[in-house]
Amino acid sequence: MDTRVAVMSIIVENVQSVEELNAILHEYSDFIIGRMGLPYKVKKINIISIALDAPQDVISALSGRIGNLDGVSVKTAFSK
């Protein structure tokens, strides 16, 4: 199974979605290399960066699930 390295950037504007977001990330924990979360209190948002090593379809599925959460934005950059 071919995998790709990717970085996922997540911005959480609705804190009500944090619990569901964490549950989704836990489901994909086998593919997560590392995670960094930064609360930005001035703007009342949370910024999360996730490094992944996974098949492209798994990364896309994760991004789609996260993007469907209320008040959560996600963008993914892939390695070549």
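**Exercise 1. The nonpolar surface patch**

Find which strand gives the largest share of the nonpolar patch in this predicted model.

*Solution.* Start with the members: I11, M36, L38, Y40, V42 and I47 make a nonpolar surface patch of about 540 Å². Next, place them on the strands. Strand β2 covers residues 32-40 and provides the largest share, three residues. I11, by contrast, sits in strand β1, residues 4-12. Finally, check that I11 may join a patch at all: its relative accessibility is 37%, so I11 counts as partly exposed, and patch members need over 30%.

**Exercise 2. The hairpin of β2 and β3**

Work out in which sense β2 and β3 pair, and which residue between them takes a positive phi.

*Solution.* Let's take the pairing to begin with. Strand β3 spans residues 45-54, and β2 pairs with β3 in the antiparallel sense over eight bridges. For a concrete point along the ladder, look at G34, which stands opposite A51 in β3. Now turn to the connection: four residues lie between the strands of this hairpin, and K44 has a positive phi near 60°.

**Exercise 3. The salt bridge**

Search the whole structure for salt bridges and say which parts of the chain are linked.

*Solution.* The search gives one salt bridge. Its partners are R65 and E27, with the closest N and O atoms 2.7 Å apart, inside the 4 Å cut-off. Mapping the pair onto the helices, R65 belongs to α2 (residues 56-67) and E27 to α1 (residues 18-27); the two residues are 38 residues apart, so the pair links distant parts of the chain. As background, side chains of opposite charge can pair when their charged atoms come close. One last check concerns cover: R65 has a relative accessible area of 33% and is therefore partly exposed.

**Exercise 4. M8, S63 and the core**

Is S63 buried or exposed, and which residues does S63 touch beyond four places in sequence?

*Solution.* Locate S63 before anything else: this serine lies in helix α2. Its relative accessible area is 17%, which means S63 is buried, since the limit is under 20%. Beyond four places in sequence, S63 touches M8, V74 and T76.

Now follow the contact to M8. Outside the same sequence window, M8 is in contact with several residues, including I50, L62, S63 and I66. The largest nonpolar core has 19 residues, and M8, I10, L21, I50, L62 and I66 touch the most other members. To finish, list the elements giving two or more residues to this core: β1, α1, β3, α2 and β4 (72-78).

Key. Residues are numbered from 1 along each chain as its sequence is written. This is a predicted model: local features need pLDDT of at least 70, side-chain atom pairs count only at pLDDT 80 or more; totals for chains, interfaces and linings use all residues. Side-chain values use heavy atoms; hydrogens and water are left out. A salt bridge is a side-chain nitrogen of Lys or Arg within 4 Å of a carboxyl oxygen of Asp or Glu. Buried means under 20% relative accessible area, exposed over 50%, partly exposed in between (1.4 Å probe, protein chains only). Patches are made of residues with over 30% relative accessible area and no salt bridge: like charges are joined within 9 Å, nonpolar side chains (Val, Leu, Ile, Met, Phe, Trp, Tyr) within 5 Å. Accessible areas come from the Shrake-Rupley method with a 1.4 Å probe; for residues, only the protein chains shown count as cover. Two strands pair if DSSP finds at least two bridges between them. Contact means heavy atoms within 4.5 Å. A nonpolar core is a set of buried Ala, Val, Leu, Ile, Met, Phe, Trp, Tyr and Cys residues joined through side-chain atoms within 4.5 Å.
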